[in-house]
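Colleague: Could you take a close look at the backbone of this chain for me, at one spot in particular and then at whatever belongs beside it? Here is the entry I have open.

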Amino acid sequence: MLCGRWGSRRRREPPVPAQVAATVALPPPPALQDGGARRPGLRALKKMGLTEDEDVRAMLRGSRLCKIRSRTWQKERLYRLQEDGLTVWFQRRIPHAPSQHIFFVQHIEAVREGHQSEGLRRFGGAFAPARCLTIAFKGRRKNLDLAAPTAEEAQRWVRGLAKLRARLEAMSQRERLDHWIHSYLHRADSNQDSKMSFKEIKSLLRMVNVDMNDMYAYRLFKECDHSDNERLEGTEIEEFLRRLLKRPELEEIFRRYSGEDRVLSAPELLEFLEDQGEDGATLAHAQQLIQTYELNETAKQHELMTLDGFMMYLLSPEGDALNPAHTCMFQDMDQPLSHYFISSSHNTYLTDSQIGGLSSTEAYVRAFAQGCRCVELDCWEGPGGEPVIYHGHTLTSKILFRDVVQAVRDHAFTLSPYPVILSLENHCGLEQQAVMACHLRTILGDMLVTQALDSQNPEELPSPEVMPQSLSVAAEGPGPGEGQEAASCSERGWSHLVRPGGGGGRGGGRREGGGRRAEAAGQADLPRTVGPGRVLLCHAPSDPAPCPRPTPALPGQLPQRAQGQEAHSRGNSFVRHNTRQLTRVYPSGLRMNSANYSPQEMWNSGCQLVALNFQTPGYEMDLNAGRFLVNGQCGYILKPACLRQPDTNFDPESPGPPRTTLTIQVLTAQQLPKLNAEKPSSIVDPLVRVEIYGVPMDCARKETNYVLNNGFNPHWGQTLQFQLRAPELVLVRFVVEDYDTTSPNDFVGQFTLPLNSLKQGYRHIHLLSKDGASLSPATIFVHIRVQHSRGPD
């Protein structure tokens, strides 16, 4: 039984003319139109409106580009855009699996012209900047540094990729499905005759992640083979795909609201919106949705919505589980910095482990592209009088402090205009401190905050709003009398707290008993200068008071169980501390592989700067991405009121009784990715798990049963329910896994968002990969209900 309110139906005014209902009922979905084209791949590009574009046509022909890895490794390779317009094939010296010879346009983070990457600045000197380009990818994939034979050919790729990315961004979910299905049709059509034998149909089914019974598949094949020649072509392929793409669960919902005429009038659509719990739903809004998402012009003219338009709406951002109003800036940005969660990175310079990994300025660029607002610079004495950044006393490679500051200047404000904090760990002597100050002053210029900002309340930290496109430096290093001149300023605090479980992972730093390092700023902390540079810094005290140590978010996730005892006794005092002072938390130095801890437990206590290793994917970074997904992804999220009030009584260990019930009915999934593309018989057995992250008493996880051999359109219809005590802190993580009886389940996709940004009703969850890239058109279809017994504090 599907969720929803199926009470007495409203009378429709005016009634639907019979001839209109007959005209618009069940039109072919866009993925099935134009089915007779000879080349499905080019048909996909045609739908993008790019088949006649000269730059795209040149990319389809391919180019021999020089791939640059080092001064000695520079190889010419063929790169060619595939006809689906979504993938680029590239030549490799040693043959690999087909999936390792392509990259996806949707996984591109940015395309830079000239010597605008670390690799090309170091190794591209033999090539004119006009011939060079860099393709930067989302996630951990390395940049692709390329040099074209001519400047014009380089520009064709820069312009062509920009057009493809822009068109892809503008595509609806249904158009993405169109591309997706036709790209598989093109691959399954082994002899490229635009006809599909039963063998090719079986191959197509395995490609799209469904293992259909042979007898059932053949019966479906024969029902569509109207020419009775054991081949499907043209409209027969359309009919087969129509049957394959059917959404019975959507048809049932649609039929309950539309009645027998199989079309929704604006009043009926309004009834659906009201049942969804849409705020401010009006008849005018229902009419606007019909004009926006209905594909059939006749239906539009009569203000009617067909099943296909209904599906388009539910797959759109307006029908998404994430409240579209929260994707833009919607929070008050004029409160003190201590009132915000601030997206923060640890060991930002690293691209891998903290023992022998590569350091790179590109890691800073990627962090800023993910909305990070606090980055770390571990500064050490370097040769030639130039300070370097690396993980001290390890085998990690070194990069120049100067180059990092330049990367900060060039990329810190590409995504967000709000202030960036440079967490500077200083291990340099006086001479190289002066060099650091000089680089900060000359490279950053007016971006740098070098004096206390005017404020009506001098005891209070400034707000993000009064510091647009500014950089402030929070430093650890030599204290007074050790080469630093004190600067007068108001009493503003800065704290450091290592995540429980060992030292801070910072060579040469101060350590406390038991290997744990914890630094808490008192009211007497003074901003300081580095050498003669008068850079505004907040210096952590040399004799810090210990900070309470929070407990794990999910029992057993972290090994330091005893660390929670102090937080239990001082939980509220730590929350109050964080209403007025900034606290930065970072991972233990014992995490040799740069693993992360759960940030949720630190957010529960109001810690603002919960620093994670951005280079290490996992549920911890999923939580971080989910926390900062909203408010325009600006890197600042206003903390709940209970974590901002100076006299708050909130204690994450004792949040009070349950006051919110979250009910999620997991209905179906669509087009889940195939995990082993090179093994046709490998079909996922998906299950869905819903994980709740919040105060310890709210943390929970529940999952559905698994569905055998169907990643294309699995059905569950199972209900998962959660009781929540502090809903304003809750993150909800939807996870899809491939069930395995003999080994741990394989990750398929996930999506994480704050409970307060989760919309009720029938919603699609658009899945992301382990690295945060879109897995479109993969979705989960759910029904969500949130019931509050009383309002938040």
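Colleague: How buried or exposed is Gln633, and what is its phi?

Modeller: Happy to walk through it, with the reminder that this is a predicted model. Gln633 is partly exposed, at 38% relative accessibility. That value falls in the partly exposed class because buried means under 20% and exposed means over 50%. Its phi is near 50°, which is positive although the residue is not a glycine. As for where Gln633 sits, look in the loop that runs between helix 20 (619-627) and strand 25 (636-638).

Gln469 makes a good companion to it. Here too phi is positive in a non-glycine residue, with a value near 45°. Gln469 belongs to the loop between helix 17 (430-444) and strand 18 (471-476), and its relative accessible area of 42% makes it partly exposed.

One more backbone detail is worth a visit, this time within a strand. The peptide bond leading from Ser776 to Pro777 is cis, and its omega is near 15°. Pro777 is part of strand 33, which covers residues 774-788.

For the wider setting, the protein chain contains 20 helices and 33 strands. Of its 793 residues, 59% are buried. Taking contacts between residues at least 6 apart in sequence, 69% join residues at least 24 apart. The chain exposes about 31,900 Å², and carbon and sulfur atoms supply 50% of that area.

How values were computed: Residues are numbered from 1 along each chain as its sequence is written. This is a predicted model: local features need pLDDT of at least 70, side-chain atom pairs count only at pLDDT 80 or more; totals for chains, interfaces and linings use all residues. Side-chain values use heavy atoms; hydrogens and water are left out. Helices (H or I, at least four residues) and strands (E, at least two) are DSSP runs, numbered from the N terminus. Buried means under 20% relative accessible area, exposed over 50%, partly exposed in between (1.4 Å probe, protein chains only). Contact means heavy atoms within 4.5 Å. Accessible areas come from the Shrake-Rupley method with a 1.4 Å probe; for residues, only the protein chains shown count as cover.
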